[in-house]
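Colleague: I am new to this one, so could you walk me through it and tell me how each label is earned?

Modeller: Gladly; let us look at it together.

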Amino acid sequence: MKALIVYGSTTGNTETVADWIGDSLRSRGVEVTVADAAETDAEGMAEGYDAVLLGSSTWGDDEIELQDDFAELFDDLDKAGLQGKPVAVFGCGSTDYTFFCGAVDAIESRAEDLGAHIVGSSLKIDGDPEQDDVLAWTTEVAGFFQGAQ
Ligand SMILES: Cc1cc2nc3c(=O)[nH]c(=O)nc-3n(C[C@H](O)[C@H](O)[C@H](O)COP(=O)(O)O)c2cc1C
(Lines give C-alpha, C1' and ligand atoms only; values in the text may rest on other atoms or scores of the structure.)
Protein backbone atom coordinates (compact mmCIF):
# COMPACT_ATOMS: atom_id res chain seq x y z
CA MET A 1 0.00 0.00 0.00
CA LYS A 2 1.14 3.54 -0.78
CA ALA A 3 0.53 6.54 1.47
CA LEU A 4 1.13 10.24 0.90
CA ILE A 5 1.82 12.56 3.83
CA VAL A 6 1.64 16.29 3.06
CA TYR A 7 2.45 18.76 5.82
CA GLY A 8 2.64 22.52 6.30
CA SER A 9 4.95 23.64 9.09
CA THR A 10 6.49 27.01 9.97
CA THR A 11 8.65 26.26 13.00
CA GLY A 12 9.16 22.55 12.31
CA ASN A 13 6.75 20.88 14.77
CA THR A 14 4.27 19.52 12.24
CA GLU A 15 7.20 18.53 10.01
CA THR A 16 8.64 16.45 12.85
CA VAL A 17 5.25 14.79 13.37
CA ALA A 18 4.97 14.05 9.63
CA ASP A 19 8.39 12.39 9.69
CA TRP A 20 7.48 10.28 12.74
CA ILE A 21 4.24 9.18 11.10
CA GLY A 22 6.17 8.33 7.93
CA ASP A 23 8.75 6.25 9.80
CA SER A 24 6.04 4.43 11.70
CA LEU A 25 4.03 3.59 8.58
CA ARG A 26 7.18 2.44 6.78
CA SER A 27 7.95 0.07 9.65
CA ARG A 28 4.53 -1.48 8.94
CA GLY A 29 5.45 -2.09 5.30
CA VAL A 30 3.66 0.93 3.87
CA GLU A 31 5.38 2.73 0.98
CA VAL A 32 5.40 6.35 2.17
CA THR A 33 6.06 9.71 0.52
CA VAL A 34 6.44 12.67 2.90
CA ALA A 35 5.99 16.02 1.12
CA ASP A 36 6.26 19.63 2.24
CA ALA A 37 3.15 21.59 1.22
CA ALA A 38 5.49 24.37 0.06
CA GLU A 39 6.70 22.06 -2.69
CA THR A 40 3.45 20.26 -3.48
CA ASP A 41 1.01 20.98 -6.28
CA ALA A 42 -2.56 20.06 -5.35
CA GLU A 43 -3.45 19.06 -8.91
CA GLY A 44 -3.74 15.25 -8.99
CA MET A 45 -1.79 15.02 -5.73
CA ALA A 46 -3.55 11.92 -4.39
CA GLU A 47 -3.37 9.94 -7.63
CA GLY A 48 -1.68 6.58 -7.22
CA TYR A 49 -1.93 6.61 -3.40
CA ASP A 50 -4.15 4.33 -1.32
CA ALA A 51 -4.26 6.72 1.61
CA VAL A 52 -3.48 10.38 2.26
CA LEU A 53 -2.46 12.10 5.50
CA LEU A 54 -2.75 15.89 5.69
CA GLY A 55 -1.07 17.96 8.41
CA SER A 56 -0.99 21.68 9.19
CA SER A 57 -0.26 23.87 12.17
CA THR A 58 -2.72 26.64 13.06
CA TRP A 59 -1.95 30.36 13.11
CA GLY A 60 -3.93 33.55 13.56
CA ASP A 61 -5.59 34.39 16.84
CA ASP A 62 -9.22 35.45 16.74
CA GLU A 63 -9.69 33.61 13.47
CA ILE A 64 -8.34 30.32 12.14
CA GLU A 65 -5.39 30.58 9.79
CA LEU A 66 -3.86 27.52 8.23
CA GLN A 67 -0.08 27.39 8.03
CA ASP A 68 0.94 29.57 5.03
CA ASP A 69 2.14 26.81 2.68
CA PHE A 70 -0.76 24.53 3.52
CA ALA A 71 -3.23 27.40 3.02
CA GLU A 72 -2.26 27.59 -0.67
CA LEU A 73 -2.72 23.86 -1.09
CA PHE A 74 -6.04 24.02 0.77
CA ASP A 75 -7.45 26.46 -1.79
CA ASP A 76 -6.85 23.92 -4.57
CA LEU A 77 -7.70 20.79 -2.59
CA ASP A 78 -10.68 20.11 -4.86
CA LYS A 79 -8.16 19.25 -7.61
CA ALA A 80 -6.27 16.73 -5.46
CA GLY A 81 -8.42 13.70 -6.21
CA LEU A 82 -9.41 12.94 -2.61
CA GLN A 83 -12.84 11.55 -3.45
CA GLY A 84 -13.26 8.05 -2.05
CA LYS A 85 -9.78 8.05 -0.46
CA PRO A 86 -9.09 7.28 3.18
CA VAL A 87 -7.71 10.51 4.66
CA ALA A 88 -6.27 11.18 8.12
CA VAL A 89 -5.58 14.66 9.48
CA PHE A 90 -3.04 15.91 12.02
CA GLY A 91 -1.49 19.15 13.20
CA CYS A 92 0.24 21.08 15.94
CA GLY A 93 -1.23 24.00 17.84
CA SER A 94 -1.67 25.40 21.30
CA THR A 95 -4.57 25.53 23.73
CA ASP A 96 -3.42 29.09 24.55
CA TYR A 97 -5.37 30.17 21.48
CA THR A 98 -9.12 30.45 20.93
CA PHE A 99 -9.23 27.91 18.11
CA PHE A 100 -7.01 25.03 19.23
CA CYS A 101 -5.81 23.26 16.06
CA GLY A 102 -8.51 24.98 14.03
CA ALA A 103 -6.58 24.11 10.87
CA VAL A 104 -7.09 20.40 11.59
CA ASP A 105 -10.86 20.91 11.85
CA ALA A 106 -10.90 23.00 8.65
CA ILE A 107 -8.94 20.40 6.65
CA GLU A 108 -11.06 17.54 7.99
CA SER A 109 -14.26 19.32 7.05
CA ARG A 110 -13.03 20.27 3.55
CA ALA A 111 -11.70 16.80 2.80
CA GLU A 112 -15.02 15.32 3.93
CA ASP A 113 -16.92 17.75 1.67
CA LEU A 114 -14.72 16.59 -1.21
CA GLY A 115 -15.79 12.98 -0.66
CA ALA A 116 -12.79 11.70 1.32
CA HIS A 117 -13.32 9.09 4.06
CA ILE A 118 -11.85 10.58 7.23
CA VAL A 119 -10.30 7.79 9.28
CA GLY A 120 -9.93 7.81 13.04
CA SER A 121 -10.07 10.95 15.13
CA SER A 122 -7.74 13.66 13.92
CA LEU A 123 -4.50 14.18 15.84
CA LYS A 124 -4.29 17.58 17.58
CA ILE A 125 -1.02 18.26 19.37
CA ASP A 126 -0.78 20.86 22.12
CA GLY A 127 2.74 22.30 22.35
CA ASP A 128 5.83 20.27 21.57
CA PRO A 129 5.01 16.94 19.92
CA GLU A 130 5.66 13.71 21.86
CA GLN A 131 6.71 10.76 19.74
CA ASP A 132 4.75 8.23 21.82
CA ASP A 133 1.46 10.09 21.21
CA VAL A 134 2.19 10.21 17.50
CA LEU A 135 3.04 6.51 17.36
CA ALA A 136 -0.17 5.56 19.20
CA TRP A 137 -2.23 7.60 16.73
CA THR A 138 -0.37 6.17 13.74
CA THR A 139 -1.07 2.64 14.97
CA GLU A 140 -4.80 3.42 15.06
CA VAL A 141 -4.81 5.07 11.65
CA ALA A 142 -2.73 2.30 10.04
CA GLY A 143 -5.36 -0.19 11.21
CA PHE A 144 -8.08 1.81 9.44
CA PHE A 145 -6.00 2.09 6.27
CA GLN A 146 -5.31 -1.62 6.20
CA GLY A 147 -8.99 -2.35 6.86
CA ALA A 148 -9.96 -0.09 3.95
CA GLN A 149 -7.80 -2.04 1.47
C1 LIG B 1 1.17 34.15 16.34
C2 LIG B 1 0.75 32.73 16.63
C3 LIG B 1 -0.57 32.37 16.43
C4 LIG B 1 -1.00 31.05 16.72
N5 LIG B 1 -2.34 30.73 16.58
C6 LIG B 1 -2.75 29.50 16.94
C7 LIG B 1 -4.14 29.17 16.89
O8 LIG B 1 -5.01 29.96 16.52
N9 LIG B 1 -4.51 27.91 17.26
C10 LIG B 1 -3.61 26.99 17.70
O11 LIG B 1 -4.00 25.87 18.03
N12 LIG B 1 -2.27 27.28 17.75
C13 LIG B 1 -1.83 28.51 17.39
N14 LIG B 1 -0.49 28.81 17.46
C15 LIG B 1 0.47 27.78 17.91
C16 LIG B 1 1.21 27.09 16.77
O17 LIG B 1 0.31 26.41 15.90
C18 LIG B 1 2.19 26.07 17.38
O19 LIG B 1 3.31 26.80 17.85
C20 LIG B 1 2.62 24.95 16.46
O21 LIG B 1 3.40 24.03 17.19
C22 LIG B 1 3.43 25.43 15.27
O23 LIG B 1 3.64 24.30 14.44
P24 LIG B 1 4.66 24.32 13.20
O25 LIG B 1 6.05 24.43 13.79
O26 LIG B 1 4.45 23.02 12.55
O27 LIG B 1 4.32 25.47 12.34
C28 LIG B 1 -0.06 30.09 17.17
C29 LIG B 1 1.29 30.48 17.34
C30 LIG B 1 1.69 31.77 17.09
C31 LIG B 1 3.14 32.15 17.32
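**Around the ligand**

Modeller: This is a predicted model. By class, the shell around the ligand holds 6 nonpolar and 11 polar residues, and no charged ones.

Colleague: Which residues come nearest to the ligand?

Modeller: Among the 17 residues around the ligand, the nearest are Ser-9, Thr-11, Thr-14, Thr-58 and Gly-60. As for elements, α1 (13-27), β4 (58-59) and β6 (86-93) each give at least two residues to the shell.

Colleague: What makes the pair between Thr-14 and the ligand a polar contact?

Modeller: A polar side-chain atom of Thr-14 is 2.7 Å from a ligand oxygen atom. The cut-off is 3.5 Å between N or O atoms, so the pair qualifies. Asn-13 also passes, with a polar side-chain atom 2.8 Å from an oxygen atom of the ligand. At Phe-99 a polar backbone atom lies 2.9 Å from a nitrogen atom of the ligand, again within 3.5 Å. Of the 650 Å² of accessible area that the ligand has on its own, the protein covers 81%.

Colleague: Where does the ligand sit?

Modeller: In the largest pocket.

Colleague: Why is the pairing of Arg-26 with Asp-23 called a salt bridge?

Modeller: Their closest N and O atoms are 3.3 Å apart. The limit is 4 Å, so the name fits. Arg-26 and Asp-23 are 3 residues apart in helix α1, and therefore about one helical turn separates them. By this rule there are 4 salt bridges.

Notes
Residues numbered from 1 in each chain as written. Predicted model: local features only at pLDDT ≥ 70, side-chain atom pairs only at ≥ 80, totals over all residues. Heavy atoms only, no water. Near = heavy atom within 4 Å. Polar contact = N/O pair within 3.5 Å; in protein donor to acceptor, adjacent residues only side chain to side chain. Areas by Shrake-Rupley, 256 points an atom, 1.4 Å probe, with all protein chains shown as cover. 1 Å grid on protein atoms, 1.4 Å probe; cavity = no way out; pocket = protein on both sides within 12 Å on 5 of 7 lines; lining within 4 Å. Sits in = over half its atoms within 2 Å of the grid points. Helix = DSSP H or I, 4+ residues; strand = E, 2+ residues; numbered from the N terminus. Nonpolar A, V, L, I, M, F, W, Y, C, P; charged D, E, K, R; others polar. Salt bridge = Lys/Arg side-chain N within 4 Å of Asp/Glu carboxyl O.
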